[in-house]
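Dear colleague,

I am passing on the structure that I would like you to look at, with my notes on its internal cavities below it. Please open it beside this message as you read.

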Amino acid sequence: MNYSRIMIAAPKSGSGKTTITCGLLAVLKAQGMNPCSFKCGPDYIDPMFHRTVLEIPSGNLDTFFTDDDTTRQLFAKEYSGNIAVIEGVMGLYDGVGGTEETGSSYDLARVLKAPIILVLDAKGAGRSILAEIKGFLDYDKHNLIKGVILNRTSPAFGDKLGELIEKELKIKYLGSVPATKGVELSSRHLGLVLPEEIETIHEKLELMANAVAQSVDTSKIIKIAESAAKLDIIEDKKTQEQESAVRLAVAYDRAFCFYYRENLQLLQDMGAELVYFSPLNDKHLPENISGLLLGGGYPENYLRELSRNSIIKSEIKSVIESGMPVLAECGGFMYLMDSVSDKENRKYDMAGAISGAAWFVGKLVRFGYVTIDDGKMKIRGHEFHYYDTDNNGEACVAKKPMGGKQWQCTHHFGGSYAGFPHLYYPSNPDFVKNFVEAMKNYGE
């Protein structure tokens with residue numbers, strides 16, 4: 001199969017990757033293409049923009065989480081349509097700890113043999129932008145950078161620079177996107193705010209699409225994508241799709257929405273039927289379930305509503321006390337505790353399935369990539385939270401990939417895991433296999 005693909009990357013965060021990627025996806029779709037998308041790294045929110053607003057399937061790939069063969073298998077499994085647009089993270093060469101290549105956009109492009117289009121913030125720059133590009137080309141040992149887009153500069157001036165770029169640096173100049181008022185996407189501590197929180201999101205995306213359509217040569221981008229080298233995919237024989245045997249209730253609403261597509265798919269492949277419910281709005285759990293999944297999100301923004309939904313809190317506590325397996329991450333973990341206090345120190349009662357209290361710390365508590373080890377199995381993930389608790393669990397050790405820093409974390413009881421780390425299940429499929437097996441054994 002020919003996997004047409006490109007990566008949109010940049011020298012640093014804030015250069016316009018997300019704006020250009022969203023605009024490009026919208027334009028490709030409007031032109032009759034059928035794009036899919038991927039986000040490099042653990043970010044949950046950028047893929048939400050692709051999925052919920054542009055209605056384009058989107059996943060997460062990360063070379064810290066999975067080895068080269070697994071990363072390619074995931075890409076091939078999720079590839080659909082006729083072109084994949086992969087959005088990079090941070091600066092092109094910035095990986096684990098900001099200094100390693102593993103986990104970087106460039107490392108993912110290497111694994112996927114994906115041509116790179118570099119987006120540069122050219123505001124206030126002239127010929128000097130060529131020196132910046134040349135530096136990135138000199139660092140490109142696999143010859144993956146194939147084109148550049150200049151952001152926040154006038155097309156007239158950008159075109160002059162483009163002539164120099166193509167003449168002196170021998171790569172494609174694809175256009176210049178002028179600074180456009182109204183396209184900015186608001187940020188919060190975890191990144192962009194959620195799509196449904198932006199009232200004018202469709203107007204913003206229309207502005208992005210118009211800017212790209214008027215300023216960027218998408219036909220050249222498609223040709224670059226089609227020129228991508230053949231990708232050798234080794235068939236995944238470890239994970240064979242099984243018939244659904246048990247029902248897993250997945251909390252999904254405005255408060256709990258941080259889920260990797262790859263995680264949910266692996267649960268289904270292992271035999272779990274996913275049934276969604278809302279701790280905010282539903283009064284009861286779905287019927288005939290054998291397990292619970294509570295992902296992260298922004299429960300701290302809905303503490304009053306969550307605390308007032310007493311019936312479903314009581315049901316969740318009851319089924320966990322009965323031995324039903326549960327996976328709970330970050331915000332989902334906090335929801336299972338006795339209480340959570342907000343920024344104003346107002347205390348709200350939560351499900352009470354795990355003793356302890358959570359509160360807003362006012363600064364980033366623990367963050368970054370981690371490997372979670374319970375002594376018998378290891379799985380990779382990341383932490384990023386401004387809340388802490390007085391009972392984070394001691395069943396596992398979270399170890400950072402650099403520097404040797406580690407700390408105890410996570411409650412592990414029966415087949416359940418609950419703690420702050422966000423886990424990437426394909427980094428250890430046996431973790432999911434064991435959890436689904438625990439679901440099958442529930443009630444026996």
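What follows is a short account of the cavities and of one helix.

Please keep in mind throughout that this is a predicted model. When the whole structure is searched, two cavities of 30 Å³ or more are found. The largest cavity holds about 100 Å³ of space, and among the 14 residues of its lining those closest to the centre are Ala 328, Thr 410, Tyr 417, Pro 421 and Leu 423. Two elements each give two or more residues to this lining, namely strand S15, which covers 326–329, and strand S25, which covers 416–419. Sorted by class, the lining of the largest cavity consists of eleven nonpolar, two polar and one charged residues.

The second largest cavity encloses about 50 Å³, and its lining is made up of Tyr 44, Phe 258, Tyr 259, Tyr 260, Asn 263, Leu 264, Leu 293, Glu 329 and Tyr 425. Seven of these lining residues are nonpolar, while one is polar and one is charged.

Which residues of helix H9 are buried? In this helix, which spans residues 261–269, they are Glu 262, Asn 263, Leu 264, Leu 266, Leu 267 and Asp 269, and of these Asn 263 and Leu 264 also belong to the lining of the second largest cavity. Just after H9 comes Gly 271, which adopts a positive phi of about 110°.

With best wishes

Technical notes
Residues are numbered from 1 along each chain as its sequence is written. This is a predicted model: local features need pLDDT of at least 70, side-chain atom pairs count only at pLDDT 80 or more; totals for chains, interfaces and linings use all residues. Side-chain values use heavy atoms; hydrogens and water are left out. On a 1 Å grid over the protein atoms alone, a cavity is a set of points where a 1.4 Å probe fits but cannot get out, and a pocket is an open set with protein on both sides within 12 Å along at least five of seven lines; lining residues have an atom within 4 Å of a point. Grid points are joined across faces, edges and corners, and a volume is the space filled by probe spheres set on the points. Helices (H or I, at least four residues) and strands (E, at least two) are DSSP runs, numbered from the N terminus. Ala, Val, Leu, Ile, Met, Phe, Trp, Tyr, Cys and Pro count as nonpolar, Asp, Glu, Lys and Arg as charged, and the others, Gly among them, as polar. Buried means under 20% relative accessible area, exposed over 50%, partly exposed in between (1.4 Å probe, protein chains only).
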